[in-house]
Structure formats: C-alpha cells, structure tokens
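Please look through the sequence and the structure shown below before reading on. The report that follows goes from the chain as a whole to its helices, and then to a few single residues.

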Amino acid sequence: MPGLIIPLIIAPIASIWVQKINDRAAALEQEKLEHASKLALLGEMTASIVHEINQPLSAVKLVAQGLQRRSPADAERTLEQLPAKLDKIVRQIDRVTEICALIRKSSRVDSESNLSASVETVIHDSFELIGPQLKAANIEFSAMIEDELPTAAIHPGKLEQVMLNLTTNARDALLGTSQPSLWIKVEAYYDGSIVIKFEDSAGGIPPQALVKIFDSFFTTKPAGEGTGIGLSLSKNFIETAGGTIDVCNTSAGALFTIRIPANAQT
C-alpha cells in the first residue's frame with residue numbers, strides 16, 4: 001500500500017506543474033507574436049519615419065551652413081540673428097527627439113501593470129507615427145474626441161497597436177480604391193464605457209471577408225503583403241481588457257466599433 005500512495009500523491013502534483021509549464025509556454029508564444037506584430041507595423045512605417053527625421057535634420061543643416069557662409073564683415077548681423085537661428089535648431093532637434101521617443105515607446109515590450117490609456121494621447125501618438133504616410137497619399141485624417149474622456153482600462157501600448165493596425169489597413173485599402181474622397185475618421189466618447197469608432201471611405205469589406213476578418217492569419221491583401229495577425233491580435237487585446245470590437249460596412253466604407261471598460265474617475 002505505501003508504494004501505491006506515493007504515485008497517487010505525485011501524479012496530481014506533476015499534472016498541475018505540467019499544466020503551469022504549458023500555460024507559461026503559451027503565454028510566451030503570445031507575447032512573441034504580439035511583439036513581432038508591433039515590429040512589423042513599425043517596419044512598414046520605416047520609410048515615413050526616416051523622412052520625418054530627415055526633415056528637421058535638413059533644416060538644422062541649412063541653418064548651420066548659412067552661419068558658416070557668413071563673412072567676418074557680417075559678424076554684427078550674425079550675432080543679432082544668432083538667437084533666432086539657435087532657437088530654430090533647438091526646435092528641430094526637439095522634433096527628432098519626439099519622433100525617437102514615439103518609436104521607442106511603440107517598440108518596447110508592454111508591461112501589464114499600466115492598465116490606463118488616455119484615448120486622446122493614443123490617437124495622437126498613432127497619428128504622429130503614420131500621419132506622414134496618410135498626408136503623402138492625400139488621405140484626410142480627422143478625430144473627434146469627447147472632452148474629459150475617462151481613461152480606458154487597457155495598456156496604452158496595446159490600444160496604440162490596435163489603432164495602428166486599423167489605420168495601416170485603412171491606408172492600404174484606400175490606396176487600392178478609386179474613391180474620389182479618401183478619408184479616415186475617428187470618434188471617441190463615453191457612454192458607460194469608452195467607445196471608439198473608426199471609419200474609412202475605402203468602399204467597405206467584401207461580405208465573404210467580413211465574417212472572417214478577425215480570424216488569425218486571414219488577410220485580404222495580396223500574398224506577401226499582409227501577415228494576417230493584426231486584426232486577430234487587436235481583437236485579443238480588446239477582449240482581454242473586457243471590451244469588444246465589431247465591424248460593419250457603411251455607405252462609405254468599413255466601420256470598426258471598439259468598446260472598452262473605463263477606469264473610475266477620481
């Protein structure tokens with residue numbers, strides 16, 4: 001009998017530990033997938049980000065070259081203009097620093113400890129990253145955000161990834177359409193929960209794709225142009241936060257509606 005008791009005790013404990021190991025392994029794989037998706041998004045925006053950094057650097061170079069060309073005879077006028085020139089250089093360097101900070105914030109691995117997202121800040125930061133691409137494609141972006149909106153009970157990095165996924169998908173859809181007016185509209189308000197509506201004018205999602213749009217590895221993009229994990233992860237982020245994300249077609253295009261629990265206002 002004693003020989004039988006030991007296996008009976010060890011077996012349940014071993015089973016629990018195996019389950020814990022499997023759960024941790026699955027969690028690590030999910031974290032890797034999320035981070036890979038985030039880096040893929042940043043990779044898509046690399047050209048735009050480089051252009052945004054190059055603009056202020058070019059301005060700094062022009063100011064410096066202008067000062068270099070001044071002759072000693074212009075010393076008095078140069079001294080008079082120097083504060084304004086230096087101020088311009090500082091502003092441009094601040095712009096580069098801001099862009100780098102946004103990239104660093106968007107690329108880091110998220111910590112689950114901060115479940116408080118300012119929707120206005122997230123939308124602003126998302127547009128700062130992808131806005132130049134929209135402007136280059138003549139896509140109008142507008143956002144209406146309710147004043148004094150409570151924070152959303154979700155990690156800001158995850159909500160930003162959702163917004164970037166929706167925006168890059170809308171951009172790609174708009175670039176492939178012949179619609180005369182290209183626009184993306186975002187609306188955010190509070191009605192007991194945080195509601196974010198995201199609409200584009202790309203003509204809508206085909207009905208056969210609409211029912212599968214949140215499935216893992218499903219994409220409407222040509223082979224090699226989409227990973228098929230962006231919207232699936234977005235749905236996971238929102239639902240893990242206790243919210244919902246739905247999509248339907250309007251007369252203009254696709255409309256995504258996100259609902260996220262709000263944090264209590266203090």
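Helices (H or I, at least four residues) and strands (E, at least two) are DSSP runs, numbered from the N terminus. With those names in hand, Glu 148 can be placed in the loop between β1 and α5.

## The chain as a whole

This is a predicted model, and its chain holds 7 helices and 5 strands. Read from the N terminus on, the elements follow the order α-α-α-α-β-α-β-β-α-α-β-β.

Of the 266 residues in the chain, 35% are buried, while the area that the chain exposes comes to about 15300 Å², with carbon and sulfur atoms supplying 59% of it. Among the contacts between residues at least 6 apart in sequence, 73% join residues that are at least 24 apart.

## Helix α5 and its partner α4

Helix α5 covers residues 156-175, and it is mostly covered, since 15 of its 20 residues are buried. Its length can be checked with a short piece of reasoning: at 1.5 Å a residue, the 20 residues of α5 should span 28 Å, and because the C-alpha atoms at its ends are 28 Å apart, the expected and the computed values agree.

One partner of α5 is helix α4, residues 119-136, whose axis comes within 9 Å of the axis of α5 and crosses it at roughly 35°; this crossing is right-handed. On the α4 side the contact includes Val 119, Val 122, Ile 123, Leu 129 and Ile 130, and on the α5 side it includes Pro 156, Leu 159, Met 163, Leu 164 and Arg 171. Sorted by class, the residues of the contact of α4 with α5 are 10 nonpolar, 4 polar and 3 charged.

## Helix α5 and its partner α7

Helix α7, residues 230-240, also has an axis that comes within 9 Å of that of α5, and the two axes cross at roughly 145°, in a left-handed crossing. Here Lys 158, Leu 159, Gln 161, Val 162, Asn 165, Leu 166 and Asn 169 of α5 meet Gly 230, Leu 231, Ser 234, Phe 237 and Ile 238 of α7. By class, this contact has 6 nonpolar, 5 polar and 1 charged residues.

Among the buried residues of α7 are Gly 230, Leu 231, Ser 234, Phe 237 and Ile 238, and each of these five takes part in the contact with α5. After α7 comes Gly 242, whose phi is positive, near 85°.

## A buried residue in α3

Which helix holds Ile 89? The residue lies in α3, residues 75-107, and because its relative accessible area of 17% is under the 20% limit, Ile 89 counts as buried. Once its neighbours within four places in sequence are left aside, Ile 89 is in contact with Val 60 and Val 63. The C-alpha atom of Ile 89 is also 8.5 Å from that of Ala 64, although these two residues are 25 residues apart along the chain.

## Two loop residues with a positive phi

Most residues other than glycine have a negative phi. Asn 138 is not a glycine, yet its phi is positive, about 60°; it is found in the loop between α4 and β1. With a relative accessibility of 65%, which is over the 50% limit, Asn 138 counts as exposed.

Glu 148, in the loop between β1 and α5, likewise has a positive phi, of about 55°, although it is not a glycine. Is Glu 148 buried or exposed? Its relative accessible area is 75%, so Glu 148 is exposed.

Note on methods. Residues numbered from 1 in each chain as written. Predicted model: local features only at pLDDT ≥ 70, side-chain atom pairs only at ≥ 80, totals over all residues. Heavy atoms only, no water. Axes fitted to C-alpha atoms, helices over the stretch in contact; angles between N-to-C directions. Left-handed = near helix turned anticlockwise from the far one by under 90°. Contact = heavy atoms within 4.5 Å. Nonpolar A, V, L, I, M, F, W, Y, C, P; charged D, E, K, R; others polar. Buried < 20%, exposed > 50% of the residue type's maximum accessible area, 1.4 Å probe, protein only. Areas by Shrake-Rupley, 256 points an atom, 1.4 Å probe, with all protein chains shown as cover. Expected span 1.5 Å × (residues − 1).
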